[in-house]
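User: Please take a close look at one strand and its surroundings. I would like a connected account of how that strand sits among its neighbours.

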Amino acid sequence: MKKNMSRLSFLKHKIKERKKIYENVTSLAVKEKLRSSLYLNEALDQPHIYRIEIINTLKCNAACQFCSNERLSEDCLTMSDTIIGRVLQQAVIHRTPTINFLGGEAMVDPRFFSLLELFAQAEMHIGIGTNGILLTTQHLHELKRLGVMAFSITIHDAVAEKHDRTVGVPGAFVRIETALREAHGMGFRVGLQTICSPESIASGAFQRILTFAHEKKVPLKINPMMPVGKAARAECLLSAEQTRDLKRLVMSDPLLSTHCIHHCRMERCPMGRTFVGITPAGDMLPCYFMPLSLGNILETGFDDYLSYAQSFPIFQKMGLAEGCCIVAESPKFFYEILKPLYEGEPSLPLDLRKNPAWEQKIRSFHL
Ligand code: SF4
């Protein structure tokens with residue numbers, strides 16, 4: 001008991017200390033680092049967008065069989081300069097520290113490096129999620145010049161031919177290995193990402209990727225298969241037992257992380273509270289894998305997005321338990337929300353503000 005009390009007062013003291021440091025720091029990148037530290041995450045109780053994930057293009061140079069973006073924003077594949085400008089404006093007003101470029105494949109956008117430059121000039125911390133196919137030596141130098149020092153590469157197997165077959169691009173795996181080697185030599189912080197699915201477990205690919213990450217000593221972020229896009233099928237969901245095993249594994253290994261387990265610590269899902277995903281058409285998604293729009297950035301600012309999101313119980317801080325990813329883990333959410341959306345709605349993401357029936361359904365959803 002005494003030991004618990006002293007631990008509690010130690011934590012309280014730490015929170016106070018870090019809040020003070022946080023308030024006095026002006027660099028957005030340092031702010032982001034502090035925020036993600038153990039004590040501050042829970043201490044900063046106010047909903048605030050700390051991370052934007054931007055889909056600057058849905059075009060891709062690979063053809064994965066389970067792409068999560070299938071059916072998303074089909075009539076607008078590339079983000080206009082007007083929308084990019086609006087994202088930047090909102091990020092600056094809101095003091096959002098981090099932006100991640102995702103796709104599609106973000107790097108196929110001919111404007112890619114000038115977009116990075118734009119956000120780098122606003123002193124934002126930039127991350128990139130890529131399939132690695134365009135990570136040439138020249139592009140790595142360009143990233144370094146722009147001060148982008150972190151990115152993550154998605155792999156689907158540690159056997160070259162199997163990875164290449166999944167993405168439909170011969171030579172893709174060799175490119176990743178080369179990029180990893182070069183990037184490490186140039187001082188980049190590189191992570192790998194992969195998907196854990198019933199299929200990747202059964203085929204042994206998941207285990208091979210774990211071994212590969214450990215051999216290369218590269219952090220590995222594991223996405224449980226999201227039943228969305230091309231994978232919006234019940235058989236794509238991990239079983240309860242597989243989910244339990246995955247969490248146990250990630251909680252025991254600091255090299256591994258998921259959407260809501262980092263450094264062996266469970267965090268709360270950030271959807272609609274500290275996160276916004278933005279599609280090429282400007283739709284604001286509470287979660288990158290949730291085909292629901294809470295407004296369009298051309299008309300909706302970050303503050304308005306947040307106050308609307310926070311009117312839904314599941315997006316509130318206590319809406320989900322720590323370590324719970326509702327999209328990947330909840331069969332109830334799949335059968336009541338995701339499946340009907342993918343099977344019944346002609347166009348996604350679905351704008352909740354214009355669909356009162358769906359708005360009500362999400363508002364009253366409980367796990
Ligand atoms: S629902 Fe899952 S994928 Fe979406 S933001 Fe939450 S933890 Fe991340």
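Analyst:
**Strand β2 and its neighbours**

From β2, Thr98, Asn100 and Leu102 point one way, Ile99 and Phe101 point the other way, and all are buried. Buried means that 20 or more other C-beta atoms, placed from the backbone, lie within 10 Å of the residue's own; exposed means 12 or fewer, and partly exposed is in between. The strand is mostly covered, with five of its five residues buried.

Some ground rules. This is a predicted model: local features need pLDDT of at least 70, side-chain atom pairs count only at pLDDT 80 or more, and totals for chains, interfaces and linings use all residues. Residues are numbered from 1 along each chain as its sequence is written. Strands (E, at least two residues) and helices (H or I, at least four) are DSSP runs, numbered from the N terminus. Two strands pair if DSSP finds at least two bridges between them.

Take β1 (residues 51-55). It pairs with β2 in the parallel sense over five bridges. Ile52 has Ile99 as its bridge partner in β2.

Now β3 (residues 125-130). Four bridges join it to β2 (residues 98-102), and the two run parallel. Ile99 stands opposite Ile126. Asn100 stands opposite Gly127.

Helix α5 (residues 112-121) completes a right-handed β-α-β unit with β2 and β3. Right-handed means that, with the strands pointing away from the viewer, the path from the first strand over the helix to the second runs clockwise.

Finally, the whole sheet. It is open, has nine strands and mixed pairing, and its order is β7-β6-β5-β4-β3-β2-β1-β10-β11. The edge strands, β7 (256-257) and β11 (284-285), each pair on one side only.
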